[in-house]
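Me: Hi! I'm learning about charged side chains that pair up in proteins. Could you go through a few of them with me?

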Amino acid sequence: MPTSKTTDQLAPTVLVIFGGAGDLTWRKLIPALFDLSRDRSLPAKFAIIAVDRIKLGDAALRRRLHEGVNQFSRFGRTTAAVWGRFAPHIHYQQGDFTQAATYTALGRQCARLEKQWGARTHRIFYMATPPSMFGEIPKYLGRAGLARDRAFTRIVIEKPIGYDLDSARALNAILAASFDESQIYRIDHYLGKETVQNILAFRFANPLFEPLWNRRYIDYVTITVAEAVGVEHRGGYYDHAGALRDMVQNHLMQLFCLIAMEPMVSFDADEIRNKKVDVLHAARPIHRDEVPQCAVRGQYGGGLAAGKKVPGYRAEAGVAPDSETETFVALKLFIDNWRWQDVPFYLRTGKRLPRQASEVSIQFRAVPHRSFPPEASLGWQSSRLVLAIQPVEGIVLGFQAKYPGPKMQLRPVDMRFGYRESFDAPSPDAYETLLWDVMKQDATLFMRADQVEAAWQLLMPVLEAWQATAPSDFPNYAAGTWGPENTQELLAPGHRWPLPTQLGPAP
Ligand code: BG6
């Protein structure tokens with residue numbers, strides 16, 4: 001949550017949004033900026049320049065963005081008066097992203113604002129465009145001299161960072177030709193989630209669990225990011241991406257790194273990012289001929305979602321009727337280091353699963369010796385810790401307790417922490433946190449080039465093996481189920497995919 005500062009404490013800033021008339025701006029960026037302004041967390045001297053190809057005036061753009069704010073702000077619908085205080089910050093500039101004139105005009109507008117404010121101004125260039133523009137905009141910014149001021153200029157880029165390892169390297173090289181790495185903010189919105197950031201707090205602000213956080217005490221780890229929705233209106237994009245590129249390469253890899261990383265020495269952005277990238281370097285490479293033992297792919301067929309019939313993936317808008325794109329991935333990974341040798345990390349994500357649930361489950365080993373008589377421990381379950389990310393936000397520790405009565409009988413019970421019960425502050429949207437961090441020049445929650453490339457490197461054999469062999473059984477899970485049956489085959493004997501935690505009523 002951004003700490004509320006008075007607006008004067010923040011340096012004057014111009015935020016240029018390429019794709020300013022697009023969906024991301026409407027749905028995420030402007031509602032997050034508006035919510036920041038409600039918390040008085042924006043600079044007093046602040047302007048948003050939305051750049052896009054279509055013809056649009058300031059007034060029409062502001063009306064459109066007002067609708068988005070009404071739908072997506074965490075404060076709910078806003079009054080004309082409140083919106084009226086925020087709207088004048090927004091300006092529209094029509095322009096083609098591949099024309100030098102657009103950048104000359106932008107430079108002039110930034111200079112004009114700087115003159116008007118009488119202060120040196122931070123410039124943030126946000127690429128909220130289709131990925132095809134990611135390689136173009138930085139070049140034009142560089143040529144126009146708009147990337148030169150390292151201390152006062154930043155560029156923000158959304159995923160996908162590349163389509164595979166080679167294209168990610170090429171994109172990083174284009175960015176690096178105009179910008180220093182310290183100016184580049186690669187967004188993974190999972191890192192902006194409170195519960196994801198809390199993984200660091202839980203692990204490294206408490207001495208309790210860290211001594212157990214290793215192969216001696218942990219049997220295996222599962223990371224689940226389950227979605228109940230299908231591809232929604234994004235079939236065209238998704239059919240060229242698939243779950244491995246869309247979710248695993250970024251969001252799941254980030255969770256994997258946060259769970260497995262070594263303690264950081266300080267809260268410095270590069271120190272934390274070094275520790276995270278170390279995990280990817282230590283991850284055991286997957287050989288192409290081992291892919292079937294380490295990875296499972298799936299695609300949903302028709303089925304039920306919230307009790308209603310829903311179509312299969314191949315019948316979704318924008319999706320090829322014979323599509324071979326995966327909407328589900330499960331992986332088994334190992335980390336070859338002292339802490340984690342031979343502890344399996346099972347990762348899974350998919351669309352049209354029974355419910356939305358993102359969580360990490362740490363399954364502890366059984367006690368070395370069971371001293372209780374067998375009848376005392378019929379329902380024995382080894383201790384388990386669940387870090388619930390969404391929609392349930394909290395932590396659950398499952399352990400054994402004595403059932404009341406004259407006999408010694410053991411039963412599994414839970415100790416629970418829920419964000420809502422413990423804190424009265426609401427969780428900000430991830431974009432609020434991340435935009436605030438870009439303004440503060442804090443890159444801790446952003447992906448560095450080497451981390452993006454290391455994640456691709458780890459996953460390339462899976463992508464290549466899947467590309468080489470068409471899936472013979474798609475669709476292989478019905479909408480509303482937990483994915484293909486062979487997902488079970490990844491698990492070692494005695495291991496299981498846990499059912500998502502219920503921590504009070506989900507929203
Ligand atoms: C996006 C993916 O990055 O994350 C989407 O492109 C996915 O396909 C979304 O639905 C999930 O994000 P969240 O925050 O809803 O879990």
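Me: Which residue forms a salt bridge with aspartate 180?

Reply: Happy to help, and keep in mind that this model is predicted. A salt bridge needs a side-chain nitrogen of Lys or Arg within 4 Å of a carboxyl oxygen of Asp or Glu. Here the closest N and O atoms are 3.4 Å apart, so the pair fits that cut-off. The partner of aspartate 180 is arginine 150.

Me: Where in the chain does arginine 150 of that pair lie?

Reply: The pair joins distant parts of the chain, 30 residues apart. Aspartate 180 sits in the loop between α6 (165–178) and β6 (184–186). Arginine 150 lies in the loop between α5 (137–143) and β5 (153–157).

Me: Is arginine 448 buried or exposed?

Reply: Arginine 448 meets aspartate 270 in a salt bridge, at 2.7 Å from N to O. Aspartate 270 has a relative accessible area of 34%, so it counts as partly exposed. For arginine 448 the value is 10%, and buried means under 20%. Therefore arginine 448 is buried.

Me: How far apart are the closest N and O atoms of arginine 53 and aspartate 96?

Reply: These two residues form a salt bridge. The pair links loops 43 residues apart in the chain. Their closest N and O atoms are separated by 3.7 Å.

Me: How many salt bridges does the count come to?

Reply: Some residues are linked in a network, namely Arg203, Glu210, Glu262 and Arg339. By the 4 Å rule, the count of salt bridges comes to 26.

Conventions
Residues numbered from 1 in each chain as written. Predicted model: local features only at pLDDT ≥ 70, side-chain atom pairs only at ≥ 80, totals over all residues. Heavy atoms only, no water. Helix = DSSP H or I, 4+ residues; strand = E, 2+ residues; numbered from the N terminus. Buried < 20%, exposed > 50% of the residue type's maximum accessible area, 1.4 Å probe, protein only.
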